[in-house]
Amino acid sequence: MRLSSFAKLINGSLSAADYSREIAEELAEHTQHLGRGGSAPVRVTEDTDLVLDRAGLGALCRMFASGQLTAGELAYIADALQMAERVEFSGPDIADDLDSCTDPEINGPLTAAKALEIAGRGAAA
């Protein structure tokens with residue numbers, strides 16, 4: 001996953017469909033290893049610095065809730081963002097909410113309602 005492509009996704013200059021196609025091969029490899037009990041590869045090309053804020057996380061969650069991204073894609077993206085050294089979070093609440101988008105075995109399946117709840121946090125602030 002290229003951070004520059006993710007930045008384009010959340011700012012609206014790359015469609016979710018195009019982004020999904022871009023990460024399809026690496027996501028398939030990742031998914032293939034998930035059920036084997038070992039580690040699953042996550043590839044991140046850190047070609048830009050990125051600060052994930054409430055607006056960016058909200059956009060990502062709304063894409064999932066509307067069916068533009070799958071749960072697997074969202075979990076993979078969240079894992080990649082958490083692992084990347086060139087990604088910062090605008091606050092600990094962003095990191096915590098992003099973490100709830102990963103690993104359904106630990107966090108339970110992410111529902112559209114939960115994603116929209118995450119997306120709506122801070123909207124009144």
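Is Glu29 buried, exposed or partly exposed? With a relative accessible area of 32%, Glu29 is partly exposed. That value, like every other one here, comes from a predicted model, so let us walk through the model with Glu29 as our way in.

The side chain of Glu29 meets that of Arg43 in a salt bridge, with 3.5 Å from N to O. Glu29 belongs to helix 2, while Arg43 sits in the loop between helix 2 and strand 1, so this pair ties together parts that are 14 residues apart in sequence. Arg43 is also partly exposed, at a relative accessible area of 38%.

Staying with helix 2, we find another salt bridge, between Arg21 and Asp18, whose closest N and O atoms are 2.2 Å apart. Both residues lie in helix 2, three residues apart, which is about one turn of the helix. This spacing fits a general rule: an α-helix has 3.6 residues a turn, so residues three or four places apart point the same way. Arg21 is exposed, with a relative accessible area of 56%, whereas Asp18 is partly exposed at 35%. Ala24 is found in helix 2 as well, and it counts as partly exposed because its relative accessibility is 38%. Although Ala24 and Met1 are 23 residues apart along the chain, their C-alpha atoms are separated by 9.6 Å.

Now let us turn inward. Met1 is one of the residues with the most contacts inside the largest nonpolar core, a group that also includes Phe6, Tyr19, Leu60, Ile77 and Leu81. This core has 34 residues. Helices 1, 2, 3, 4, 5 and 7, together with strand 1, each give two or more residues to it. In soluble globular proteins, nonpolar side chains tend to be buried together. Tyr19 offers a good view of the core: leaving aside residues up to four places away in sequence, Tyr19 touches Met1, Ser5, Phe6, Leu9, Leu14 and Ile77.

Ile77 leads us on to helix 4, where the buried residues are Glu73, Leu74, Ala75, Tyr76, Ile77, Ala78, Ala80 and Leu81. What do these buried residues pack against? Their partners are helix 1, helix 2, strand 1, helix 3, strand 2 and helix 5. The length of helix 4 can be checked too: at 1.5 Å a residue, its 13 residues (71–83) should span 18 Å, and the end C-alpha atoms are 18 Å apart, which agrees.

Helix 5 deserves a closer look. Its axis and that of helix 4 come within 9 Å and cross at roughly 140 degrees; the two helices are therefore oblique to each other. Where they meet, Ala78, Leu81 and Gln82 come from helix 4, and Ala95, Leu98 and Asp99 from helix 5.

Helix 5 also takes part in a salt bridge, in which the side chains of Asp97 and Arg54 meet at 2.9 Å, N to O. Asp97 lies in helix 5 and Arg54 in helix 3, so the pair ties together parts that are 43 residues apart in sequence. Here both partners are buried: Asp97 has 8% relative accessibility, and Arg54 has a relative accessible area of 17%. Through shared partners, salt bridges join Arg54 and Asp97 with Asp93, Lys114, Glu117 and Arg121 in one network. Across the model, the count comes to 10 salt bridges.

Note on methods:
Residues numbered from 1 in each chain as written. Predicted model: local features only at pLDDT ≥ 70, side-chain atom pairs only at ≥ 80, totals over all residues. Heavy atoms only, no water. Helix = DSSP H or I, 4+ residues; strand = E, 2+ residues; numbered from the N terminus. Expected span 1.5 Å × (residues − 1). Buried < 20%, exposed > 50% of the residue type's maximum accessible area, 1.4 Å probe, protein only. Contact = heavy atoms within 4.5 Å. Core = buried A, V, L, I, M, F, W, Y, C linked by side-chain atoms within 4.5 Å. Salt bridge = Lys/Arg side-chain N within 4 Å of Asp/Glu carboxyl O. Axes fitted to C-alpha atoms, helices over the stretch in contact; angles between N-to-C directions. Parallel < 35°, antiparallel > 145°, perpendicular 65-115°, else oblique.
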